[in-house]
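Open the model in your viewer with the cartoon and side chains available. The stops below say what to select and what is found there.

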Amino acid sequence: MTRQTEQTLLLDHVDMRIVIGETSDSAADRNTIVQLDPDHPGFRDAEYRARRNRIAQIALEYQPGTPIPDAPYTSEEHEVWRTIWEALDDAHKEHACQEYLDCVRRLDLPKTRIPQLREVSAKVEALSGFKLEPVAGLVEPRVFLESRANDVFLSTQYIRHHSTPLYTPEPDVAHEIVGHAVTLASPRLAELNRLVGRIVKRTTSTEALERLARVYWFTIEFGVLREDGKVKAYGTGLLSSAGELEAMHNADLRPLDLEAAARQDFDPTDYQPILFCADSFDAMYQALKDYLFDWK
């Protein structure tokens, strides 16, 4: 393994979708996607790419409000899901906040097979009102976030390549479900996501969106808090990655200051060296809710 590969694998499954200020002509199209990169672990696997294309076609043909067709997963891909959960089970018990663990228990997702998006969506909607809808791949950041204003989370259905079960260079169904879907089953976390979506819809300033991107990154994606005297994760980028959960304890932990977070740059290609830590889940929820309500 080369040094460059070692650095790349540190990504684990960090979500690369962040708010952008400039919007292209295709930004309103949820099916405008980023193509598979030649460095992707599955790029040279013709069978994997063909199956991803079939799964992408489900999203391309999907009409919002209709039942989500099942994705054609293989036994090899179900094994990838099992491997991910084996790594995360103990990590969650050690590093995840109670709000997240309660949502895992309520959703009761299968750990030996990839759950279909339709069944996860039905469970999440019953708990918080949020629905999951399929997209073919990585969508424009603005579209990805604006959809939350309407209680919709746009989710991929494909899973990462079997050669790297604990690494993906893009959000896949494991990250979407283990990270986002589980947290969206929390009414309070769902409310915060909804507020972000509403702000993105009404904000056009590049500078303002960049500030929001940083706040979003250091809270909903990479937020931590103190619980029973220990640092616990509530951010989706942390909760969907055993590597990230372990590495968060090496970060420079700073008190939750959302104005400071709005000015703090971040590097999405590595473990996060700086994290903002709330005193509790309640304190985080109230601070972020107030900040988003007061957003100008």
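A crossing of two helices is called left-handed if the near helix is turned anticlockwise from the far one by less than a right angle, and right-handed if clockwise. That term is needed at two of the stops. Keep in mind throughout that this is a predicted model.

**The whole chain**

Start with everything selected. The chain holds 13 helices and six strands. It has 296 residues, and 54% of them count as buried. Switch on a surface: the accessible area is about 12800 Å², with 49% of it belonging to carbon and sulfur atoms. Among contacts with a separation of 6 or more, 69% are between residues 24 or more positions apart.

**Stop 1: α8 against α13**

Select residues 187-202, which form helix α8, and residues 281-293, which form helix α13. The axes of α8 and α13 come within 10 Å and cross at roughly 20°. Angles under 35 degrees count as roughly parallel, and so α8 is roughly parallel to α13. Seen along the line of approach, α8 passes α13 in a left-handed crossing.

Now show the side chains at this contact. On the α8 side, pick Arg188, Leu189, Glu191, Leu192, Leu195, Val196, Ile199 and Arg202. On the α13 side, pick Phe281, Asp282, Met284, Tyr285, Leu288, Lys289, Leu292 and Phe293. Colour the contact of α8 with α13 by class, and eleven residues come up nonpolar, five charged and none polar.

**Stop 2: Leu195**

Stay on helix α8 and centre on Leu195. Is Leu195 buried or exposed? Its relative accessibility is 9%, so Leu195 counts as buried. Leaving out residues up to four places away in sequence, Leu195 touches Lys289, Leu292 and Phe293. Draw a distance from the C-alpha of Leu195 to that of Lys289: the separation is 7.9 Å, for two residues 94 apart along the chain.

**Stop 3: α9 against α13**

Keep α13 on display and add residues 206-221, helix α9. How do the directions of α9 and α13 relate to each other? The packing angle is about 165°, and the axes are 12 Å apart. Angles over 145 degrees count as roughly antiparallel; α9 and α13 are therefore roughly antiparallel to each other. The crossing of α9 and α13 is left-handed.

The residues to show on α9 are Arg211, Leu212, Val215, Thr219 and Ile220, and those on α13 are Leu288, Tyr291 and Leu292. By class, the contact of α9 with α13 has six nonpolar residues, one polar and one charged. Leu288 and Leu292 of α13 also appear in the contact with α8.

**Stop 4: Val224 in β3**

Move to strand β3, residues 224-227, and select Val224. At 0% relative accessibility, Val224 counts as buried. Leave out neighbours within four places in sequence, and Val224 is in contact with Val231, Lys232, Ala233, Tyr234, Leu238, Met248, Leu253, Leu275, Phe276, Cys277 and Ala278. For a link back to α13, find Phe281: its C-alpha is 8.9 Å from that of Val224, with the two positions 57 residues apart in sequence numbering.

**Stop 5: two aspartates with positive phi**

Follow the chain from β3 into the loop before β4 (230-233) and stop at Asp228. Phi of Asp228 is positive, about 55°, although the residue is not a glycine. Its relative accessibility is 78%, so Asp228 counts as exposed.

Then go to Asp151, in the loop between α6 (141-146) and β2 (152-155). Here too phi has a positive value in a residue other than glycine, near 60°.

**Stop 6: Val139**

Select Val139, which is found in the loop between β1 (131-134) and α6. Val139 counts as buried, because its relative accessibility is 4%. The C-alpha atoms of Val139 and Leu154 are separated by 8.6 Å, and the two residues are 15 apart along the chain.

**Stop 7: α5 against α7**

Finish with residues 117-128, helix α5, and residues 173-184, helix α7. These two pack at an angle of about 30°, with their axes 8 Å apart. Val120, Val124 and Ser128 make the contact from α5, and Ile177, Ala181 and Leu184 make it from α7. By class, the contact of α5 with α7 has five nonpolar residues, one polar and no charged ones.

Note on methods:
Residues numbered from 1 in each chain as written. Predicted model: local features only at pLDDT ≥ 70, side-chain atom pairs only at ≥ 80, totals over all residues. Heavy atoms only, no water. Axes fitted to C-alpha atoms, helices over the stretch in contact; angles between N-to-C directions. Helix = DSSP H or I, 4+ residues; strand = E, 2+ residues; numbered from the N terminus. Parallel < 35°, antiparallel > 145°, perpendicular 65-115°, else oblique. Contact = heavy atoms within 4.5 Å. Nonpolar A, V, L, I, M, F, W, Y, C, P; charged D, E, K, R; others polar. Buried < 20%, exposed > 50% of the residue type's maximum accessible area, 1.4 Å probe, protein only. Areas by Shrake-Rupley, 256 points an atom, 1.4 Å probe, with all protein chains shown as cover.
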